[in-house]
Amino acid sequence: MAEVLLRQVRKSYDGRTPVLHGIDLEVRHGEFTVFVGPSGCGKSTLLRSIAGLETIDSGEICIGGRPVQHLPPRLRDIAMVFQDYALYPHKTLFENMAFGLRLRKTPEAEIQRRVGEAADLLKITHLLQRKPAALSGGQRQRVAIGRAIVRQPQVFLFDEPLSNLDAQLRQEMRSEIKRLHQRLGATIIYVTHDQVEAMTLADRIAVLRGGHVMQYDRPQQIYHQP
Ligand code: ADP
Ligand code: ADP
């Protein structure tokens with residue numbers, strides 16, 4: 001079943017120049033889909049449109065079979081992880097991870113349980129009372145991922161989450177994200193311009209170019225040299 005369905009999604013920022021030219025895509029339940037393509041091809045715009053952070057000009061976006069193109073981000077069953085982590089500097093890691101649940105009036109015991117489990121999964125339990133400034137880049141990215149996990153969304157959206165990390169951390173976090181996908185059985189859409197990242201993470205890769213999906217297939221099909 002398609003967990004995320006895009007039908008003829010069109011988007012321009014100025015009302016004239018199309019950035020997305022009628023995107024059709026079906027992302028299946030539990031699959032790890034990576035959007036790749038050169039800078040400026042529309043990856044981030046497409047991801048942000050699925051998240052509801054951008055308004056599309058026309059077309060349909062369904063999450064879990066439900067049209068969401070008119071719903072604000074908080075009413076879509078998604079959680080997004082950003083490249084720059086977007087953590088609250090004055091809150092502890094625990095409160096950073098709990099914030100979205102507090103907004104939704106989740107009971108305190110449930111917050112404790114979910115944050116505890118996510119922290120355990122990401123191996124950051126010992127850091128929960130610290131603030132973001134006291135963390136390394138890799139640790140911050142773990143918190144950002146933890147904040148998404150505690151929401152238990154239907155779909156995870158990752159926007160170039162590893163771009164700010166050095167090569168070794170990138171590799172470490174890549175394995176971490178892959179492990180999380182297997183553990184959670186989650187549907188993930190992940191944007192990167194890094195082919196190695198796409199190859200190692202993806203069940204399926206969507207290759208974008210100039211606002212079109214050129215290919216949508218398994219990595220071995222996409223990078224197979226005839
Ligand atoms: P995003 O999808 O978040 O826009 P990009 O991969 O397009 O990320 O770009 C990442 C960063 O690199 C951005 O800050 C952007 O301004 C910059 N950038 C994009 N294209 C180029 C380019 N051709 N040369 C140099 N810097 C670029
Ligand atoms: P990618 O993520 O593949 O690098 P983007 O989705 O960031 O591509 O950008 C696609 C196109 O839309 C680019 O030409 C970019 O300059 C343009 N664009 C992106 N964000 C904005 C914005 N907020 N306002 C106007 N143009 C934008």
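This is a short tour of the cores, pockets and cavity of a predicted model, with suggestions for what to select at each stop.

**Stop 1: the main core**

Start by selecting Met97, Ile145 and Tyr190, the residues with the most contacts inside the largest nonpolar core, which has 44 residues. Next, colour helix α3, residues 108–122: this helix gives six residues to the core, the most of any element.

Now zoom in on Tyr190. Leaving aside residues up to four places away in sequence, Tyr190 touches Phe32, Thr33, Val34 and Phe35, along with Phe158, Pro161, Leu162, Ile177, Glu197 and Leu201.

Then move to Leu20, Leu46, Ile78 and Ala206, which are among the 25 residues of another core, lying apart from the largest one. In soluble globular proteins, nonpolar side chains tend to be buried together.

**Stop 2: the largest pocket**

Select Met80, Phe82, Arg104, Arg147 and Arg151 to find the largest pocket; of its 18 lining residues, these lie nearest the centre. The space here comes to about 480 Å³. To see where the wall comes from, show β6 (78–81), α2 (93–103) and α4 (137–149), each of which supplies at least two lining residues.

What is the make-up of this lining by class, nonpolar, polar and charged? Colouring by class shows 13 nonpolar residues, one polar and four charged.

**Stop 3: the second largest pocket**

Your next selection is Leu121, Ile149, Gln152, Phe156 and Leu184, which lie nearest the centre of the second largest pocket among its 19 lining residues. Its volume is about 300 Å³. Two elements, α3 and α5 (167–184), give two or more residues to this lining. Keep α3 highlighted from the first stop, since that helix gives the most here, with five residues. By class, the lining holds eight nonpolar, five polar and six charged residues.

**Stop 4: the cavity**

How many cavities of 30 Å³ or more does a search of the whole structure find? There is one, with a volume of about 50 Å³. Select Ile145, Ile149, Phe156, Phe158, Ile177, Leu180, Leu184 and Ile188 to show its lining. The elements giving two or more of these residues are α4, β7 (155–159) and α5, and α5 gives the most, with three. The lining is made up of eight nonpolar residues, with no polar and no charged ones.

Some names here will be familiar. Ile145 was picked out in the largest core for its contacts, while Phe158 and Ile177 were among the residues that Tyr190 touches.

Key
Residues are numbered from 1 along each chain as its sequence is written. Chains are lettered from A and ligands numbered from 1 in the order in which they are written. This is a predicted model: local features need pLDDT of at least 70, side-chain atom pairs count only at pLDDT 80 or more; totals for chains, interfaces and linings use all residues. Side-chain values use heavy atoms; hydrogens and water are left out. A nonpolar core is a set of buried Ala, Val, Leu, Ile, Met, Phe, Trp, Tyr and Cys residues joined through side-chain atoms within 4.5 Å. Buried means under 20% relative accessible area, exposed over 50%, partly exposed in between (1.4 Å probe, protein chains only). Helices (H or I, at least four residues) and strands (E, at least two) are DSSP runs, numbered from the N terminus. Contact means heavy atoms within 4.5 Å. On a 1 Å grid over the protein atoms alone, a cavity is a set of points where a 1.4 Å probe fits but cannot get out, and a pocket is an open set with protein on both sides within 12 Å along at least five of seven lines; lining residues have an atom within 4 Å of a point. Grid points are joined across faces, edges and corners, and a volume is the space filled by probe spheres set on the points. Ala, Val, Leu, Ile, Met, Phe, Trp, Tyr, Cys and Pro count as nonpolar, Asp, Glu, Lys and Arg as charged, and the others, Gly among them, as polar.
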